[in-house]
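Student: I've got a structure to look at and I'd like to work through it with you. Can we take it piece by piece?

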Amino acid sequence: QRRGAALPAGPDLRHFLRGAAKGEPPPEPEPGPAPGTGRVYLETYGCQMNVNDTEIAWTILQKNGYTRTKQLDEADVVLLVTCSIREKAEQAIWNRLRHLRALKARRRQQAGSPLRIGILGCMAERLKEEILHREKLVDIVAGPDAYRDLPRLLAVAESGQQAANVLLSLDETYADILPVQTSASGTTAFVSIMRGCDNMCSYCIVPFTRGRERSRPITSILQEVRMLSDQGVKEVTLLGQNVNSFRDTSEVQFQLAAAPGLSRGFSTVYRAKPGGLRFAHLLDQVSRIDPEMRIRFTSPHPKDFPDEASVLQLIQERHNICKQLHLPAQSGSTRVLEAMRRGYTREAYLELVHHVRDSIPGVSLSSDFIAGFCGETEEDHQQTVSLLREVRYNVGFLFAYSMRQKTRAFHRLQDNVPAELKQRRLQELITVFREEAARANEAMVGQCQLVLVEGPSKRSALELCGRNDGNIKVIFPDAEVEDAAGCQAPARAQPGDYVLVKVTSASSQTLRGVPLHRTTLSRSAACH
């Protein structure tokens, strides 16, 4: 079978970097077509950033006349927002496309409008040509910085042609697009504050699929958080690949500010970036908007918690900033960390952990770990096991290493740990993590935890589920509870209510308890 003609080679990232250096404006997109009228079905794979991207894409399409459907069979357009972080994530998309092929064939046989299928996000950025050639049923491909171009791409697809835009941007943050992206219960929401990553860890594809770091203007972030507060949202998570290197350079008067330092014993592959309003300033301003709204953020990099910075101090002082930190370690071996280009040693990481726990008593810690990275020995693996035991994280995200093309590891290192050995090491890490997390959570038995109610428990309609300040799931009976202030009659807690729960049992992932009373975030803080 004859393959289609190869796509012409377009400008690469170097082209846009040169243009930015010369002060040239980015190329203007072609004028879009008349607003669409189709029904769009969106599916999201991967991280929370992709969930946020889904809502950005939908907001753009909605403004151009599209409607959204939750029924696949009703859709005129199916868009998959994809992930490339591991091979397994990409394989899920290829499998999904095979299922969609039959649906598209059925639609073609019917008199109705043809089904258009699009691949969005990181996998689109990484595998544009392969997607268009290998899966002829894919009509459009759009990278993470091309969502504004979706109406035009869909119009091109309507004419029967394939269409693609995977240009990476140096400044696209979608700051003017305010997606109303909340949980099903309307209790929690995620707000993207920056895009891209400059860290260039040797295993990571993100800088190649999401581009260089750029931050949203603080004014647009505060506008979105205020809007969510007005809607009754009780918890906002600030999102980014590297949130604590946030740097808003939109205001001229702050462009000469000195670059902050790094955590002691940490380094980067890039030079310090002076100028701009930093994450501590943003966190301060966001936390002042609504004293009854919890604030979280993810994912930070351990290097950006210098001793002199005020982020840890803000977390300790503000009752509505959750006492919870994600500190991705990736490995417990200094040798492997160097190969990963993480910019720190095991000793520096542990020193930071101790500093964080001294600064924020009772803080809940989570982390990421990779099992079986290039050249990892059994001794390296045991170093990671011992780090899990020493730190005793409350929450963990653990995966076997999956080599990605374009990364430094792909070009410089050998993926020489056998797959079965990766899986054995991964299972050992998971077992140790769960043992230690269970011990950490068991220490809370007998304590009272303030829980933000999210809704009914998935396993029982007679129980409610929520999360405590440390982001640990808490289950308790759905019964009438008193109001702490005594101003209201006893009532069953609703999503968005804060309930004080006395913990009676714990596992590695969940706390169980009995509700004491309904309260508020401010009142609970005043009592401690």
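Student: Helix 15 lies across which strands, and at about what angle does it run to strand 16?

Tutor: Keep in mind that this is a predicted model. Helix 15 covers residues 419-442, and you'll find it lying across strand 15 and strand 16. Its direction relative to strand 16 is about 175°.

Student: How many bridges pair strand 15 with strand 16, and in which sense, parallel or antiparallel?

Tutor: Strands of a sheet pair through backbone hydrogen bonds, and that can happen either way round. Take one spot to start with: Ile370 stands opposite Phe399 in strand 16. Strand 15, residues 364-371, is joined to strand 16 over six bridges, and the sense is parallel.

Student: In what order do the strands of that open sheet come, and which are the edge strands?

Tutor: Three strands make up the open sheet, in the order 14-15-16 with parallel pairing. An edge strand pairs on one side only, and that is the case for strand 14 (324-326) and strand 16 (395-400). From one strand to the next, the twist averages 10°. So the order you want is 14-15-16, and the edges are strand 14 and strand 16.

Student: Back to the helix. Does Lys422 count as buried or exposed?

Tutor: Lys422 sits in helix 15. Setting aside neighbours within four places in sequence, its contacts are Ala371, Gly372, Ala400, Tyr401, Asp415 and Val417. The cut-off for buried is under 20% relative accessibility. Lys422 has 8%, so it counts as buried.

Student: And Gly265, is that buried or exposed?

Tutor: Gly265 is in the loop between strand 11 (247-248) and strand 12 (277-278). Exposed means over 50% relative accessibility. Gly265 comes in at 53%, so it counts as exposed.

Student: Which residues does Gly265 touch, not counting those up to four places away in sequence?

Tutor: One clue is Ala348, which is 83 residues from Gly265 along the chain. Even so, their C-alpha atoms are separated by 5.3 Å. The full set of residues that Gly265 touches, with those up to four places away left out, is Gly343, Tyr344 and Ala348.

Student: Which residues in the largest nonpolar core touch the most other members?

Tutor: In soluble globular proteins, nonpolar side chains tend to be buried together. The largest nonpolar core here has 59 residues. Leu238 is a good one to click on: beyond four places in sequence, its contacts include Val191, Ile193, Phe279, Leu283 and Phe297. The members that touch the most others are Leu238, Phe279, Leu283, Phe297 and Tyr393.

Student: How many bridges does strand 22 make with strand 17, and how many with strand 23?

Tutor: Strand 22 (residues 498-506) runs antiparallel to strand 17 (residues 448-456), and Leu450 stands opposite Leu500 there. Strand 22 also pairs antiparallel with strand 23 (residues 510-519), where the bridge partner of Lys502 is Val514. The counts are five bridges with strand 17 and eight with strand 23.

Student: How many residues does the hairpin use to join strand 22 to strand 23?

Tutor: You've already seen that strand 22 and strand 23 pair in the antiparallel sense. The hairpin takes the chain from strand 22 to strand 23 through three residues.

Student: Last one, zooming out: what percentage of the residues is buried?

Tutor: The protein has 16 helices and 23 strands. Its accessible surface comes to about 24000 Å², with 50% of that belonging to carbon and sulfur atoms. Among its 528 residues, the buried share is 52%.

Definitions and conventions: Residues are numbered from 1 along each chain as its sequence is written. This is a predicted model: local features need pLDDT of at least 70, side-chain atom pairs count only at pLDDT 80 or more; totals for chains, interfaces and linings use all residues. Side-chain values use heavy atoms; hydrogens and water are left out. Two strands pair if DSSP finds at least two bridges between them. Helices (H or I, at least four residues) and strands (E, at least two) are DSSP runs, numbered from the N terminus. Buried means under 20% relative accessible area, exposed over 50%, partly exposed in between (1.4 Å probe, protein chains only). Accessible areas come from the Shrake-Rupley method with a 1.4 Å probe; for residues, only the protein chains shown count as cover. Contact means heavy atoms within 4.5 Å. A nonpolar core is a set of buried Ala, Val, Leu, Ile, Met, Phe, Trp, Tyr and Cys residues joined through side-chain atoms within 4.5 Å. Axes are lines fitted to C-alpha atoms, for helices over the stretch in contact, and angles run from 0 to 180 degrees between N-to-C directions.
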